[in-house]
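Thanks for coming. I will take a few minutes on one complex and then stop for discussion.

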Amino acid sequence: MQMALRGVWQLKKLIVSYCDWGGSSRGIRLFWALLERELALGILVNNMLQGWAFMESELPTFKEKNPQLEVVTELIRGQHPHLKGFYKNKNERVVCVKNMTPEDILLYATRLRNALGRKVVKLKTRHVTKHPSVQGTWTTDVKF
Amino acid sequence: MAHRRCLHSALLHATALISLKKSPPLSIVKALTSKPNPVITTSNLEPSWFIPWSYVRHFSSRKSDDSENEAEMEESSDGEGESDEMASDMARDYSPEEKEAEAAAIGYKVVGPLQRSDRVFKDYEPVFAVVQIGSHQFKVSNGDSIFTERLKFCEVNDKLILNKVLLLGSPTQTIIGRPILPDAAVHAVVEEHALDAKVIIFKKKRRKNYRRTKGHRQELTKLRITDIQGIEKPEIKTDGKPLKAAVKKPEKIAATA
């Protein structure tokens with residue numbers, strides 16, 4: 001309808017960039033796929049497991065929960081991992097996720113999804129309306 | 001690297017346990033992991049291997065005992081308990097009733113996600129309401145958007161009912177609650193969970209070489225008001241509008257049901 005959300009998701013595309021070598025991508029990386037498969041056979045409560053892969057475990061569920069969203073993974077060697085969101089209003093937002101655990105990365109990805117992609121400015125007012133008065137604006141001339 | 005070794009050894013543990021429940025591979029594995037308890041490594045006799053094994057996890061490092069939980073039910077339940085505790089440190093778990101109670105205390109009720117077929121966004125009607133969310137009061141009419149403090153337990157695109165309505169008004173009529181109107185409701189949709197602009201907190205004590213800078217970003221929720229119920233809405237003069245009003249009636253019933 002308009003720029004605002006009104007039931008339309010504003011985040012169109014999310015790029016998950018990572019490095020397959022660097023230590024700061026540890027949380028995000030596909031890490032021990034074999035081990036992950038082994039654990040999947042058992043009971044799946046391994047949240048505290050170090051090196052638990054964001055891309056292996058959280059990303060598919062995140063994708064599944066957000067079918068409106070195009071999620072792309074991208075390999076950039078020698079860089080810290082980051083998330084890059086493209087919004088419908090042609091804005092983009094980049095979040096660095098170096099040295100983060102998968103849960104933190106998921107939080108930041110969710111934040112990107114939950115945002116409208118507008119520029120972050122200090123709010124002048126917390127109430128935005130097109131029709132400021134229903135019964136008429138009060139002036140000094142109003143007699144009851 | 002260290003925990004890769006740990007995990008590897010844990011994997012060995014697990015496979016050893018699953019495949020052949022004999023003591024020789026078990027003892028080898030234990031020698032590998034080098035548990036700091038000689039009593040356990042000596043006491044892995046065939047009938048009682050299960051019990052010392054359950055002790056072992058107390059001495060083992062955290063990473064390996066998390067990955068061990070596929071092996072035995074006892075251990076897995078222990079591991080789960082731990083993980084729950086860890087989770088509750090960050091954000092405690094609420095039951096649905098608790099969630100509802102907390103939401104009611106703030107002044108809203110989560111209805112459910114907005115469906116594609118729902119036509120909740122309507123044209124402006126000359127009706128307003130004063131509604132309280134948390135400790136803020138807003139004068140809203142439909143189509144407005146308001147920023148509240150972050151509301152818990154609701155996702156973006158959820159429909160909400162704000163039930164702390166203090167006042168309703170139309171051009172001809174005003175209804176004042178004492179202090180709230182129990183049968184009035186304001187419907188809203190969650191549009192955004194976002195962070196406000198950064199606020200710099202700067203502390204300084206003069207002549208003491210003391211300066212502290214801290215940034216803060218408040219979490220906000222943007223709501224879009226879709227409907228105000230509890231007051232009769234005046235007819236709108238343009239010819240297209242009464243048709244809309246007629247369409248609106250069944251929707252309302254659907255929303256209340």
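I will go through confidence, the sheet, the salt bridges and two further sites on chain A.

Please keep in mind that this is a predicted model. The predictor gives the complex an ipTM of 0.75 and a pTM of 0.63. For chain B, the mean pLDDT is 70, and 56% of its residues reach 70 or more. Residues 15-89 of chain B have pLDDT below 50, although this stretch still has 90 contacts in the model beyond near neighbours in sequence. Residues 239-257 of chain B are also below 50, with 15 such contacts. Where pLDDT is low, the predicted coordinates should not be read in detail. I will leave both stretches there.

Now chain B in outline. Chain B has eight helices and eleven strands. Of its 257 residues, 39% are buried. Taking the contacts in chain B with a separation of 6 or more, 65% are between residues 24 or more positions apart. The chain exposes about 15,100 Å², and carbon and sulfur atoms supply 57% of that.

Next, the sheet. Which strands form it, and in what order? There are six, in an open sheet, running E5(A)-E4(B)-E11(B)-E8(B)-E5(B)-E1(B), with antiparallel pairing. E5 of chain A and E1 of chain B, residues 108-113, stand at the edges; each has a single partner strand, so one side of each is left without a neighbour in the sheet.

Let me walk across part of that order. At the chain A end, strand E5 of chain A, residues 127-128, pairs with E4(B) over two antiparallel bridges. A:His127 has B:Ile146 as its bridge partner in E4(B). On to the next pair: E4(B) is joined to E11(B), residues 219-229, by five bridges, again antiparallel. Here B:Glu149 is partnered with B:Leu220 in E11(B). Further along, four bridges join E5(B), residues 158-162, to E8(B), residues 185-195, and these strands run antiparallel. In that pairing B:Lys159 stands opposite B:Val189.

Is E4 of chain B, residues 145-149, largely enclosed or open? Four of its five residues are buried, so the strand is largely enclosed by the rest of the structure.

That brings me to the salt bridges. The count over all chains is twelve. I will show three of them.

The first one I want to show is between B:Glu149 and A:Arg126, at 2.7 Å, N to O. B:Glu149 lies in strand E4 of chain B and A:Arg126 in the loop between H3 and E5 of chain A, so this pair joins two chains. B:Glu149 is partly exposed at 28% relative accessible area, and A:Arg126 is partly exposed at 25%.

The next is within chain B, between B:Asp227 and B:Lys122, with the closest N and O atoms 3.9 Å apart. B:Asp227 lies in strand E11 and B:Lys122 in the loop between E1 and E2, so the pair ties together parts that are 105 residues apart in sequence. B:Asp227 is buried at 4% relative accessibility, while B:Lys122 is partly exposed at 23%. Both residues belong to a salt-bridge network that also includes B:Glu125 and B:Lys233.

The last of my three is B:Glu191 with B:Lys222, where the closest N and O atoms are 3.6 Å apart. It links strand E8 to strand E11 of chain B, across 31 residues of sequence. B:Glu191 is buried at 0% relative accessible area, and B:Lys222 is buried at 10%.

B:Glu191 comes up again from the chain A side. Which residues does A:Asn114 touch? Leaving out residues up to four places away in sequence, they are B:Val156, B:Glu191, B:Glu192 and B:His193. A:Asn114 is found in helix H3 of chain A, residues 102-114, and is buried with a relative accessible area of 5%.

Finally, the surface of chain A. A:Trp138, A:Val142 and A:Phe144 make a nonpolar patch of about 430 Å². A:Val142 lies in the segment after E5 of chain A and counts as partly exposed, at 32% relative accessibility.

To close, two items to have on screen for discussion: the sheet, which has E5 of chain A at one edge, and the salt bridge between B:Glu149 and A:Arg126, which joins two chains. That is all I have.

Note on methods
Residues are numbered from 1 along each chain as its sequence is written. Chains are lettered from A and ligands numbered from 1 in the order in which they are written. This is a predicted model: local features need pLDDT of at least 70, side-chain atom pairs count only at pLDDT 80 or more; totals for chains, interfaces and linings use all residues. Side-chain values use heavy atoms; hydrogens and water are left out. Buried means under 20% relative accessible area, exposed over 50%, partly exposed in between (1.4 Å probe, protein chains only). Two strands pair if DSSP finds at least two bridges between them. pLDDT is the predictor's confidence in each residue, from 0 to 100. Contact means heavy atoms within 4.5 Å. Accessible areas come from the Shrake-Rupley method with a 1.4 Å probe; for residues, only the protein chains shown count as cover. Patches are made of residues with over 30% relative accessible area and no salt bridge: like charges are joined within 9 Å, nonpolar side chains (Val, Leu, Ile, Met, Phe, Trp, Tyr) within 5 Å. A salt bridge is a side-chain nitrogen of Lys or Arg within 4 Å of a carboxyl oxygen of Asp or Glu.
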